Amino acid sequence: MTALRPEREDSYGGAPYESYDSVPYEPPIGNGVPYEPPLGNGVPYEPPLDDETVALRIPEPPARPVGGESVSASGASAVSPATGSPAGGRAARRKAAKGRRGRHGGAPETSAESPDSPDEGRPLSRVEARQRARASKPGPAVVASRAIGEVFITTGVLMLLFVTYQLWWTNVRAHAQADKAASSLQDDWANGKRNPGVFSPGQGFAMLHIPKLDVVVPIAEGISNKKVLDRGMVGHYGEDPLKTAMPDAKTGNFGLAGHRNTHGEPFRYINRLQRGDAIVVETQDKYFVYKMESILPVTSPSNTSVLDPIPPGSGFTTAGRYITLTTCTPEFTSKYRLIVWGKMIEERSRSKGKPDALVE
């Protein structure tokens with residue numbers, strides 16, 4: 001009870017006493033200044049509990065985050081009302097400080113998808129869309145450099161393919177065509193099919209042997225690139241104004257032309273021939289054996305006198321039975337002509353067998 005009680009005597013006859021309930025409570029006096037609760041956020045002050053003297057108690061439920069602060073179940077903030085700092089000890093204060101300043105003490109961490117970002121989640125205007133599209137397009141210099149680079153690459157690839165075709169594929173195809181023509185010619189000879197003595201352009205009629213160079217190639221009438229030379233064969237100058245004699249003529253110059261490079265290149269190494277080397281022409285009935293006499297390393301393509309019955313510069317001074325080989329020089333060009341001359345030293349019937357030049 002808080003009301004006053006009437007005085008009564010002590011049961012032992014002593015002086016009357018007042019009830020303890022009648023004495024008003026006064027807070028403990030320290031330095032003479034009466035205690036006043038601190039003014040803060042309006043939460044009444046509650047003295048801390050002493051764990052050593054307090055009996056059993058029910059712990060409060062764990063705090064839950066509300067608006068960035070930890071709040072207990074009763075709705076009070078986890079911030080100390082006296083100091084304004086997070087309650088819960090040193091570890092809790094460190095954790096709260098990290099949340100405010102960021103992981104390394106900098107600005108608070110924000111999500112990459114935060115709605116506060118001005119460029120995220122907002123549709124672009126037409127002007128911004130055009131600017132962004134224009135920025136993503138390459139400039140004229142970049143486009144020009146790319147186009148030039150593509151042209152160079154394409155040109156390089158085409159040149160590589162052309163060189164491969166000229167130096168490799170033309171030889172493969174020409175060798176196959178020449179081998180086919182040689183087989184057909186030899187089959188005709190073996191079957192007794194007589195040649196007419198006069199041959200049409202492109203028709204094969206003999207075989208040329210150069211033992212030192214390991215050359216065995218058909219001889220066809222004419223010097224047409226398409227019909228003769230590009231097919232890997234050697235062509236006979238048989239048409240006016242460059243008509244030359246046949247091997248079986250009593251006198252005259254048997255003129256032949258062949259590629260030095262590409263398309264079978266039968267005359268590639270005739271510059272290596274030396275005086276006395278054998279050159280053999282095989283026909284259906286006979287072998288005609290020539291001996292190399294001289295060479296003209298360089299001359300003009302228009303110097304047709306090398307095919308004369310007595311060619312100037314060959315060393316021949318009288319009429320006889322000669323052979324002339326013509327090809328291009330230097331290699332892989334057609335600027336000049338290389339000439340090789342030979343003189344017949346033997347005419348041998350096929351019935352007598354091969355000449356010594358082909359047996360050795």
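Here is a short chat about a predicted model of this protein.

Visitor: How many helices and strands are there in the protein?
Guide: Going from the N terminus, the elements run β-β-α-α-α-β-β-β-β-β-β-β-β-α. Tally those up and you get four helices and ten strands.

Visitor: In what order do the strands of the closed barrel run?
Guide: The barrel has eight strands, and their pairing is mixed. Neighbouring strands in this sheet are turned against each other by 30 degrees on average, ignoring direction. Going round, the order is β3-β4-β5-β6-β9-β10-β8-β7.

Visitor: Do β4 and β5 pair in the parallel or antiparallel sense, that is, which of the two?
Guide: Strand β5 covers residues 234-236, and three bridges tie it to β4. One bridge pair to look at is I219 with V234 in β5. The sense of this pairing is parallel.

Visitor: And β3 with β7: parallel or antiparallel?
Guide: Three bridges link these two strands. For a landmark, find L208, whose bridge partner in β7 is V281. Here the sense is antiparallel.

Visitor: How many bridges join β7 to β8?
Guide: A hairpin of three residues takes the chain from β7 to β8, and the two strands run antiparallel. A278 has K291 in β8 as its bridge partner. The number of bridges joining this pair is five.

Visitor: Why is β7 largely enclosed by the rest of the structure?
Guide: Count a residue as buried when its relative accessible area is under 20%. Helix α3, residues 140-190, lies across β3, β4 and β7. β7 is largely enclosed because, of its five residues, the number buried is four.

Visitor: Which strand gives the most to the largest nonpolar core?
Guide: That core has 25 residues, and L208, I210, I270, V281 and L325 have the most contacts inside it. Several strands supply at least two residues each, including β4 (215-221), β8 (286-299) and β10 (336-349). With four residues, the one that gives the most is β3.

Visitor: How many residues are in the other core?
Guide: This core lies apart from the largest one. Among its members are Y237, A257, V306 and L307. Its residue count is eight.

Visitor: Which residues is I270 in contact with, leaving aside neighbours within four places in sequence?
Guide: I270 is one of the residues with the most contacts inside the largest core. Contact here means heavy atoms within 4.5 Å. On that basis its partners are I210, L213, I295, L325, T327, L338 and V340.

Visitor: Is T170 buried or exposed?
Guide: T170 lies in helix α3. Its relative accessibility is 0%, so T170 counts as buried.

Visitor: What does the side chain of T170 reach at 3.3 Å?
Guide: Not counting residues up to four places away in sequence, T170 touches Y165, T262, H263 and G264. T170 and H263 are 93 residues apart in sequence, yet their C-alpha atoms are 4.8 Å apart. What the T170 side chain reaches is the backbone nitrogen of H263.

Visitor: What share of the 360 residues counts as buried?
Guide: The protein exposes about 25,200 Å², with carbon and sulfur atoms supplying 55% of that area. By residue, the buried share is 27%.

Notes: Residues numbered from 1 in each chain as written. Predicted model: local features only at pLDDT ≥ 70, side-chain atom pairs only at ≥ 80, totals over all residues. Heavy atoms only, no water. Core = buried A, V, L, I, M, F, W, Y, C linked by side-chain atoms within 4.5 Å. Buried < 20%, exposed > 50% of the residue type's maximum accessible area, 1.4 Å probe, protein only. Pairing = 2+ DSSP bridges. Axes fitted to C-alpha atoms, helices over the stretch in contact; angles between N-to-C directions. Areas by Shrake-Rupley, 256 points an atom, 1.4 Å probe, with all protein chains shown as cover. Polar contact = N/O pair within 3.5 Å; in protein donor to acceptor, adjacent residues only side chain to side chain.
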